[in-house]
Amino acid sequence: MTPSGQRTAFITGLAGQDGVYLGRYLTGLGYRVVGTVTSKAHARESLSVYLPDADIYEIDVRNHAAIGVLLDRERPDEIYNLASWSSVGRSWSAPEQVTAVNGLAVLGLLEQVKHLRDTEGYDPRICQASSSEMFGLVTELPQTEGSPHHPRSPYAVSKSFAHHTAVNYRESYGMFVAAAILFNHESPLRPDSFVTRKITAGAAAIALGKQETLTLGRLDVRRDWGAAPDYVVAMHATLQHDEPDTFNVATGTSHSLDDFLHASFAAAGVADYRERILTDPGLLRPADVPETRGDASKARELLGWTPTRTFDQIVESMVAADLTRLTSGVRYDVAYL
């Protein structure tokens, strides 16, 4: 805590979708926000718009020593580990990098905190952003916090490793390490490398006459889609709870990717869109997860958290932002949030 009594939050992956929403939420609560980004220019450009008052460090989360130096200097009260190679589809192309960023970096972060705790008494609260993709080939619907893991991608394997590592440090060393198992969540800030944003941007472009067709892979997979602004509230709540624990963050309802496609074109005002959708077998994944649907009753009962936005509202907000981006040419704007 700063001398003035202001709480400090440290967010890895600050320029990502969740980092921006969490940073803005915590700033609104009076926190000082410190975060890491890569050296990419667009990260700083976006944060200059969305989080102009944040203190930003260009650090690769795989550099454990640098993370340790930063933690020792800043001594944040709360740590949110959001940095991640987050594209499931692209994770097959770089499994070693995915494992290093999503898995080993988490181990390194926890080791750095443990060292500072053991040597200097620094004892922050930590939230690990876990993923519903860990459940993979599910044996039960909905998934609870205790559902078995059967990961089906390099991304999912790495997140499962990180999740179990976080729980292990909580149970072995008594560290305050909470895990928020985030089911799929979207917003207008979702990168266009994700199929959901590819769909909303494609629907907007077709509606404006800037694009003729949209090429996709499987449309029958089902996901529990929530809103990123809601989910960062849940992450913060995990660190306000008396004891560290694991919580599902989900809506409890799943939709197919075809439902997402239909909602996107409806929001864009395009009725007859089916003939514009092309299928490319090359976009199919080596293995996929048919459905995820989460039981968030524990978060509701212990944290008082519930989602506030519906599936249609989420899709409509994404399409609206993409329509504005395409007509204005403005990439970053707080109006999109």
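In this predicted model, strand S2 (residues 32-37) pairs with strand S3 in the parallel sense, and four bridges link the two strands. Within this pairing, Val-34 stands opposite Asp-55 in S3. As background, the strands of a sheet pair through backbone hydrogen bonds, in either a parallel or an antiparallel manner.

The pair S2 and S3 belongs to an open sheet of seven strands, arranged in the order S3-S2-S1-S4-S5-S6-S11, with parallel pairing. Strand S3 (55-58) and strand S11 (246-249) are the edge strands, each pairing on one side only. On average, neighbouring strands of this sheet are turned by 20° against each other, direction ignored.

Which strands do helices H3 and H4 touch or lie across? Helix H3 lies across S1 (8-12), S2, S3 and S4 (78-81), while helix H4 packs on the sheet and touches S4, S5 (125-131) and S6 (177-182). The table gives the direction of each helix relative to one strand.

| Helix | Residues | Reference strand | Angle |
|---|---|---|---|
| H3 | residues 64-74 | S2 | about 170° |
| H4 | residues 95-120 | S4 | about 165° |

Attention now turns to the surface. Val-49, found in helix H2 (residues 41-50), forms a nonpolar surface patch with Val-334 and Leu-337. Together, these three residues have about 190 Å² of accessible area. Is Val-49 buried, partly exposed or exposed? Val-49 is classed as partly exposed because its relative accessible area is 30%, and this class lies between buried, under 20%, and exposed, over 50%.

Technical notes:
Residues are numbered from 1 along each chain as its sequence is written. This is a predicted model: local features need pLDDT of at least 70, side-chain atom pairs count only at pLDDT 80 or more; totals for chains, interfaces and linings use all residues. Side-chain values use heavy atoms; hydrogens and water are left out. Two strands pair if DSSP finds at least two bridges between them. Axes are lines fitted to C-alpha atoms, for helices over the stretch in contact, and angles run from 0 to 180 degrees between N-to-C directions. Contact means heavy atoms within 4.5 Å. Patches are made of residues with over 30% relative accessible area and no salt bridge: like charges are joined within 9 Å, nonpolar side chains (Val, Leu, Ile, Met, Phe, Trp, Tyr) within 5 Å. Accessible areas come from the Shrake-Rupley method with a 1.4 Å probe; for residues, only the protein chains shown count as cover. A salt bridge is a side-chain nitrogen of Lys or Arg within 4 Å of a carboxyl oxygen of Asp or Glu. Buried means under 20% relative accessible area, exposed over 50%, partly exposed in between (1.4 Å probe, protein chains only).
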